[in-house]
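Here's a quick briefing to read alongside the model. Have the sequence and the 3D view open, and we'll start from one residue and work outwards.

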Amino acid sequence: MQRSMPRTIPLLVVILAVQLGLAALLAVRRNPLAATTPQTPLIGASVENADHILIEGMPAAGAGADSARVELARKNGEWILPKYFGAPADKFKLNSVLDELAGLKRGLPIATSSAALKRFKLLDGDFERRLVLDSGGKTLSTVYFGSSAGVRRTDARTSAQHAVYTVELATYELPTQNSDWLDANLLQRDPTSLTELDVTGAASQPALKLVRQPTAPAPATAATPTAAAAAAAPAPSGPGAPANWTDSALAAGQQIDSAHARTLAQTVAELHVDGILGLQDQPQWQQQHPVLTLGIRDSKHAGQLATWTISKPSSGDYYVLKASSQPYYFQLSSSNGKQLLDASAPAQLLVSTAQQAKQPAATAGRGKAAHAGKTVHAGRPAA
């Protein structure tokens with residue numbers, strides 16, 4: 001018994017050393033499922049420092065790699081699309097998305113295994129979206145967004161770790177088409193600033209030169225007019241009054257329908273472009289045979305004449321618009337193009353003088369009929 005004790009002690013020492021080593025290893029081992037608090041940012045301050053953003057999706061079968069890829073770059077304080085003719089990006093949309101990205105929280109990890117990454121579509125070669133944020137040519141963060149986890153909720157991870165989190169951001173908020181990030185309001189302007197619209201349609205249609213008339217100041221009134229006087233009063237004037245449009249070259253008996261002219265001005269001012277087709281004219285766009293040409297002047301551009309040439313391509317359900325103020329050939333959806341054509345039609349803009357004169361007369365007639373048989377005394381309302 002006494003002889004076996006010396007032999008047992010070294011063995012016990014070895015076993016104790018192994019146990020202490022395992023305990024130390026377990027103590028320092030990083031638990032990926034409890035690595036962060038629920039309020040830890042997924043990306044953090046990297047978002048606001050980014051000057052280049054790459055958004056990728058998985059291209060459709062047979063499509064090129066660039067078919068689901070968008071690059072955004074900050075240049076001179078403005079965001080542009082460098083691979084999309086250097087066009088301006090929609091800063092309001094982009095800033096909104098950047099704010100959302102900066103606010104994403106890790107929450108509690110839901111998985112860490114390689115099998116989970118495959119199931120959630122968060123692999124390097126299989127993902128719904130991959131977002132890369134760069135600054136000064138160096139990568140700040142790479143984030144993978146995978147399968148949907150509910151309404152505006154997506155599974156995500158960063159390239160720095162395999163832990164998967166559910167974040168409050170839908171992948172559709174990170175589109176992979178350049179046109180979705182384009183500033184679609186490049187041609188928009190204040191409708192009240194428009195002073196002239198020169199309309200040239202098909203060869204068989206008359207050309208019109210619509211000129212906005214200055215709005216007269218509202219007349220001062222000393223007392224409330226009687227009902228009969230109100231019915232016979234001219235159209236309202238003053239800063240809030242509807243604009244009147246005229247064309248001095250019209251033949252006798254014709255005039256501009258100001259209501260429809262105002263509709264055209266509104267349509268022009270609020271036109272939404274749907275994409276950019278290129279910087280060089282293409283024969284199939286048929287810009288040499290436009291379906292509509294508009295000359296536009298407004299008071300906020302020193303009265304300079306801008307020209308829009310709208311054509312219908314030889315194939316495809318869209319329109320092409322070239323604005324003299326922009327280097328791009330814009331794509332207009334069929335509905336936007338048709339709305340502009342309809343509002344520019346002479347049949348809408350022209351009205352006979354006799355027909356126009358009937359409108360106030362009819363209004364006055366209705367006013368008289370409404371008060372027929374009623375006696376109005378000074379200082380006493382009609383019964």
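Where does Gln 161 lie? You'll find Gln 161 in the loop between E9 and E10. Keep in mind that this is a predicted model. Overall, the protein has nine helices and 20 strands, and of its 383 residues, 36% count as buried.

**Gln 161 and its loop**

- The loop with Gln 161 sits between E9 and E10, and those two strands are joined as a hairpin through six residues.
- Is Gln 161 buried or exposed? Gln 161 has a relative accessible area of 14%, and the cut-off for buried is under 20%, so Gln 161 counts as buried.
- Thr 112 is 49 residues away from Gln 161 in sequence, yet the two C-alpha atoms are 8.5 Å apart in space.

**Strand E9 and its two partners**

- Strand E9 covers residues 153–158 and pairs with E10 in the antiparallel sense, over three bridges.
- Two pairs to look for between E9 and E10: Asp 155 stands opposite Thr 166 in E10, and the bridge partner of Thr 154 in E10 is Val 167.
- On E9's pairing with E8, the sense is again antiparallel, this time over five bridges.
- Val 143 stands opposite Thr 158 in E9.
- E8 and E9 make a hairpin with two residues between them, and Arg 152 in that turn has a positive phi of about 55°.
- Why is E9 described as largely enclosed by the rest of the structure? Five of its six residues are buried, so the strand is largely enclosed.

**The sheet that holds E9**

- E9 belongs to an open sheet of eight strands, in the order E4-E3-E2-E1-E7-E8-E9-E10, with antiparallel pairing.
- The edges are strand E4 (87–88) and strand E10 (165–167); each has a single partner strand, so one side of each is left without a neighbour in the sheet.
- Further along the order, E1 and E2 run antiparallel and are joined by five bridges, with Val 70 in E2 as the bridge partner of Ile 55.
- E2 and E3 also run antiparallel, joined by three bridges, and Ala 73 stands opposite Ile 80 in E3.
- The E2–E3 connection is a hairpin with two residues between the strands, where Asn 76 in the turn has a positive phi of about 55°.
- Helix H3 (residues 91–102) lies across E1 (52–56), E2 (69–75), E3 (78–81), E7 (129–135) and E8 (138–150), and runs at about 105° to E3.

**The cavity**

- How many cavities of 30 Å³ or more does a search of the whole structure find? The search finds one, with about 40 Å³ of space in it.
- The lining consists of Ile 53, Ile 55, Leu 72, Leu 94, Val 97, Leu 98, Leu 101, Leu 131, Leu 174 and Trp 181.
- E1 and H3 are the elements that give two or more residues to this lining, and H3 gives the most, with four.
- By class, the lining has 10 nonpolar residues, no polar ones and no charged ones.
- Ile 55 is worth a click, as it turns up both in the cavity lining and in the bridge to Val 70 of E2.

**The other eight-stranded sheet**

- Eight strands form an open sheet in the order E13-E12-E11-E16-E17-E18-E19-E15, with antiparallel pairing.
- Its edge strands are E13 (245–246) and E15 (275–278), each of which pairs on one side only.
- E12 (residues 208–212) runs antiparallel to E13, and two bridges join them; Arg 212 stands opposite Trp 245 in E13.
- Helix H6 (residues 258–269) packs on this sheet, touching E11 (194–200), E12, E13, E16 (292–298) and E17 (306–311), with its direction at about 95° to that of E11.
- Helix H7 (residues 334–344) packs on the sheet too, touching E11, E16, E17, E18 (318–323) and E19 (329–333), with its direction at about 90° to that of E19.

**Contacts across the chain**

- Among the contacts in the protein with a separation of 6 or more, residues 24 or more positions apart account for 61%.

Conventions:
Residues numbered from 1 in each chain as written. Predicted model: local features only at pLDDT ≥ 70, side-chain atom pairs only at ≥ 80, totals over all residues. Heavy atoms only, no water. Pairing = 2+ DSSP bridges. Contact = heavy atoms within 4.5 Å. Axes fitted to C-alpha atoms, helices over the stretch in contact; angles between N-to-C directions. 1 Å grid on protein atoms, 1.4 Å probe; cavity = no way out; pocket = protein on both sides within 12 Å on 5 of 7 lines; lining within 4 Å. Points joined across faces, edges and corners; volume = space filled by probe spheres on them. Nonpolar A, V, L, I, M, F, W, Y, C, P; charged D, E, K, R; others polar. Buried < 20%, exposed > 50% of the residue type's maximum accessible area, 1.4 Å probe, protein only.
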